Amino acid sequence: MIYSWKKIVRHGLPLLTLCILIEIFAGQILWSNQQKLMLFPIFLISIPVINGVAGNIGSILGARLASGLHVGTIELTIKDKNMQKNLATSLFMGLITYSTLAILIYYIADVGSIEMNIGLIEFVSIVLGTGVLLILIISFVSVFTAFLSFKKGLDPDDVVAPVVTTVGDTLGIVFLFLLIGVVGI
Amino acid sequence: MYAKEMLKQSLPLLIVCGLGAIIAGNTLSAMANILQKIPGLIIIIPAVIALRGNINTTLGSRLGSAYHLGIIDAENMWNDDLKQNIIGSLVLSFLMSFIIGVLAYVTSFLFHVQPDPFILIIIVIIAGGISGLILTFLTIIIIYLVFRRGYDPDNITGPALATFGDIITMLCIFGSAVFVGGFV
């Protein structure tokens, strides 16, 4: 037997508590904007999507960079061509995924007779704007975390996913309200 | 390490996971009334969902490594290593759920608002505990099916758990809030 539940709990607690603390602040931002969310329930539908996509793309990118660093096809420099290609593909995938899902959400909400109070173009631009900002930041966080943890002798596989999902959840909510303010609804 | 291959393999998965997130989002928007009835309920939602994701994906990836190390396989599933992993995940679920409730209450003072601490903590523990139980067993079922088919668990458990996890957790928060909300 190599696993013990006490060790699993002891190893999990510190990082989980830190992640939870940051997520609670994301929750506080949601609460201070609750009235706005009640007026535009379509954004309630969008929140798990915005955060989920960014977390997934960041984790995929992180896992690929981690494997690349382990195998040696990616070098620990900002000029690495393979790293840049992965980064560009992540941004491109973010664009396609966010546009597709934003349009889907809009029509699903429309069919589900959810109160809209917002046009398709406005909604898609808010979600896409949030998504692009988020993927930009998340990709750099992912590259930075993967490189830094590898340099410090940690396994990027253990570090990148929790960091990326937590940063993604929090910034996703911050950027969403920022974009709602910019579009001015 | 080709970008085209990344696009071909990941993009469909991203869209499918996005559809799962839309279901989770619809559950959240169906909660609009209960969110207004229980002040501060919305604070805990990102944390509970992130908790589930973190606990169950690490469980999945540990079981994946255990498979590669030859410690568990389809014929030899219910051994002590698996049991220790299950206990570890469940203890973390209950412990962290309690911490979420406490943190949500404490941080609210910084924002000069006061939710009811007991209601929040009870809702989080019920939601976190039940979703923890469901998802831990779902993880084991997924791992078992993956073993029997001879696939690499590392490729499957992450996205599968992320997608099911969000939906099941959101439904558990909804159910728990309606249940507790019935008493206030």
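1. A residue counts as exposed here if 12 or fewer other C-beta atoms lie within 10 Å of its own, and as buried if there are 20 or more. That cut-off is worth having in hand for G150(B): this glycine has 8 C-beta neighbours inside 10 Å, so G150(B) counts as exposed. Please keep in mind throughout that we are looking at a predicted model.

2. Staying with G150(B), where in chain B does this residue lie? G150(B) is in the loop that links α5 to α6 (153-181) of chain B. The backbone there takes a positive phi of about 75°, just after the end of α5(B). In space, G150(B) sits 9.6 Å from D73(B), C-alpha to C-alpha, although 77 residues separate the pair in sequence.

3. The helix that precedes this loop deserves a look of its own. Helix α5 of chain B covers residues 117-149, 33 residues in total. From first C-alpha to last, α5(B) reaches 47 Å, close to the 48 Å expected at 1.5 Å a residue.

4. Now for chain B as a whole. Chain B contains six helices and zero strands, and its pattern along the sequence reads α-α-α-α-α-α. The C-alpha trace spans about 50 × 40 × 30 Å along the principal axes. Of the 184 residues in chain B, 47% are buried. When contacts between residues at least 6 apart in sequence are taken, 80% of those in chain B join residues at least 24 apart.

5. Chain A can be described in similar terms. Its secondary structure comes to six helices and zero strands, read along the sequence as α-α-α-α-α-α. Along the principal axes, the C-alpha atoms of chain A fill a box of roughly 55 × 40 × 30 Å. Buried residues account for 50% of the 185 residues in chain A. For contacts with a separation of 6 or more in chain A, residues 24 or more positions apart make up 81%.

6. How many residues does each chain bring to the contact between them? Chain A supplies 56 residues and chain B supplies 51 residues. On the chain A side, the elements that give two or more residues are α1 (5-32), α2 (34-39), α3 (42-71), α4 (81-111) and α6 (156-183). Among these, α1(A) gives the most, with 17 residues. By residue class, the side of chain A that touches chain B divides into 33 nonpolar, 19 polar and four charged.

7. The largest nonpolar core has 104 residues. Which of them touch the most other members? They are I20(A), I57(A), I105(A), I44(B), V48(B), L51(B) and I100(B). The largest share of this core comes from α3(A), with 15 residues.

8. I44(B) is a good residue to click on next. Leaving aside neighbours within four places in sequence, I44(B) is in contact with G27(A) from the other chain, and with I100(B), A104(B), L120(B) and V124(B). One of these partners, I100(B), is also among the core residues that touch the most other members.

9. Finally, is V102(B) buried, exposed or partly exposed? V102(B) belongs to helix α4 (residues 80-110) of chain B. With 15 other C-beta atoms within 10 Å, V102(B) is partly exposed, because that number falls between the 12 and 20 used as cut-offs. Its C-alpha is separated from that of V48(B) by 13 Å, and the two valines are 54 residues apart along the chain.

Note on methods. Residues numbered from 1 in each chain as written. Chains lettered and ligands numbered in written order. Predicted model: local features only at pLDDT ≥ 70, side-chain atom pairs only at ≥ 80, totals over all residues. Helix = DSSP H or I, 4+ residues; strand = E, 2+ residues; numbered from the N terminus. Expected span 1.5 Å × (residues − 1). Contact = placed C-beta atoms within 7 Å. Nonpolar A, V, L, I, M, F, W, Y, C, P; charged D, E, K, R; others polar. Core = buried A, V, L, I, M, F, W, Y, C linked by C-beta atoms within 7 Å.
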